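Please walk through the structure below with some patience, beginning at its surface, turning to its interior, and ending with the chain as a whole.

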Amino acid sequence: MSDTPVAGRLRRPGWRDPRLLVGLLLIAVSVTAVTGIVRSSDTTVPYYAAKDTLTPGTVLARDDVVVVQVRIPDGTYAAPGEEPWGQVVTRVVGDGELVPHAALADQDEFTGRPIAVRTSLPLADGVERGSLVDVYLTRTDDDEPETTLVASNLVVESIDRDSGSFSAGSEETVYVVVPQKDIEDFLDALAADGDISVVGLPGGGA
């Protein structure tokens with residue numbers, strides 16, 4: 001009879017085998033963790049976005065915004081449930097842009113006013129609501145024209161374009177938002193005898 005030891009018969013692990021239970025537990029933990037990561041990365045939150053370009057002085061109303069779902073941290077932008085209606089927009093908020101809390105203020109905190117300017121020259125292409133413009137006054141003394149800058153970096157609140165605005169001698173009306181501290185000087189310049197020109201700034205589109 002041989003003295004060589006005989007290997008024990010391999011047995012299929014049962015449900016009570018600790019190694020099998022540990023393996024199942026690890027699989028369950030992994031699946032739960034992956035599911036949580038996927039869910040967290042796919043979480044979006046509703047925020048208000050401008051339905052159209054909002055200019056300084058706009059009193060925010062429900063019709064000015066739409067609700068969009070985005071994936072950004074809380075606290076920076078206005079969101080449903082905060083009811084920011086009645087607050088005033090203090091800077092340009094572009095079409096489709098989220099409405100930041102920093103661009104809203106109480107009505108008594110905003111002092112800018114829209115003032116109509118009849119420009120003697122046609123507006124350049126691209127100047128529209130929300131654009132930044134400079135305003136110039138050109139006077140002619142002793143047949144020598146002299147142009148001075150009246151105000152710079154003003155926001156266009158709106159534009160009235162006549163059907164014949166590009167004909168000779170025609171004008172367009174541009175409503176620009178002027179800070180209260182500059183209104184008197186601005187109106188003095190508009191009342192002066194001369195031509196007013198509204199000039200768009202490079203990259204100053206809405």
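In this predicted model, a negative surface patch is formed by D141, D142, D143, E144, E146, D193 and D195. One of these residues, D195, can be placed in strand β9, which covers residues 195–200. Its relative accessibility is 44%, and D195 therefore counts as partly exposed, since that class lies between the limits of 20% for buried and 50% for exposed.

A patch of another kind is nonpolar: L21, L24, I27 and V31 together make a surface area of about 360 Å². Of these residues, L24 belongs to helix α1, which runs over residues 18–41, and because its relative accessibility is 41%, L24 is classed as partly exposed.

Away from these patches, is T55 buried or exposed? T55 sits in the loop that joins β1 (45–50) to β2 (65–70), and its relative accessibility is 0%, so T55 counts as buried. Once neighbours within four places in sequence are left aside, the residues in contact with T55 are V89, R91, R129, G130, V155, V156 and E157.

Seen as a whole, the chain contains two helices and nine strands, and these follow one another along the sequence in the pattern α-β-β-β-β-β-β-β-β-α-β. Among the contacts in the chain with a separation of 6 or more, 64% come from residues 24 or more positions apart. Of the 206 residues in the chain, 29% are buried, while the area that the chain exposes is about 13,600 Å², with 53% of it supplied by carbon and sulfur atoms.

Key: Residues are numbered from 1 along each chain as its sequence is written. This is a predicted model: local features need pLDDT of at least 70, side-chain atom pairs count only at pLDDT 80 or more; totals for chains, interfaces and linings use all residues. Side-chain values use heavy atoms; hydrogens and water are left out. Patches are made of residues with over 30% relative accessible area and no salt bridge: like charges are joined within 9 Å, nonpolar side chains (Val, Leu, Ile, Met, Phe, Trp, Tyr) within 5 Å. Accessible areas come from the Shrake-Rupley method with a 1.4 Å probe; for residues, only the protein chains shown count as cover. A salt bridge is a side-chain nitrogen of Lys or Arg within 4 Å of a carboxyl oxygen of Asp or Glu. Helices (H or I, at least four residues) and strands (E, at least two) are DSSP runs, numbered from the N terminus. Buried means under 20% relative accessible area, exposed over 50%, partly exposed in between (1.4 Å probe, protein chains only). Contact means heavy atoms within 4.5 Å. Lys and Arg count as positive and Asp and Glu as negative; His and the chain ends are not counted. The place of a charge is taken as NZ of Lys, CZ of Arg, CG of Asp or CD of Glu.
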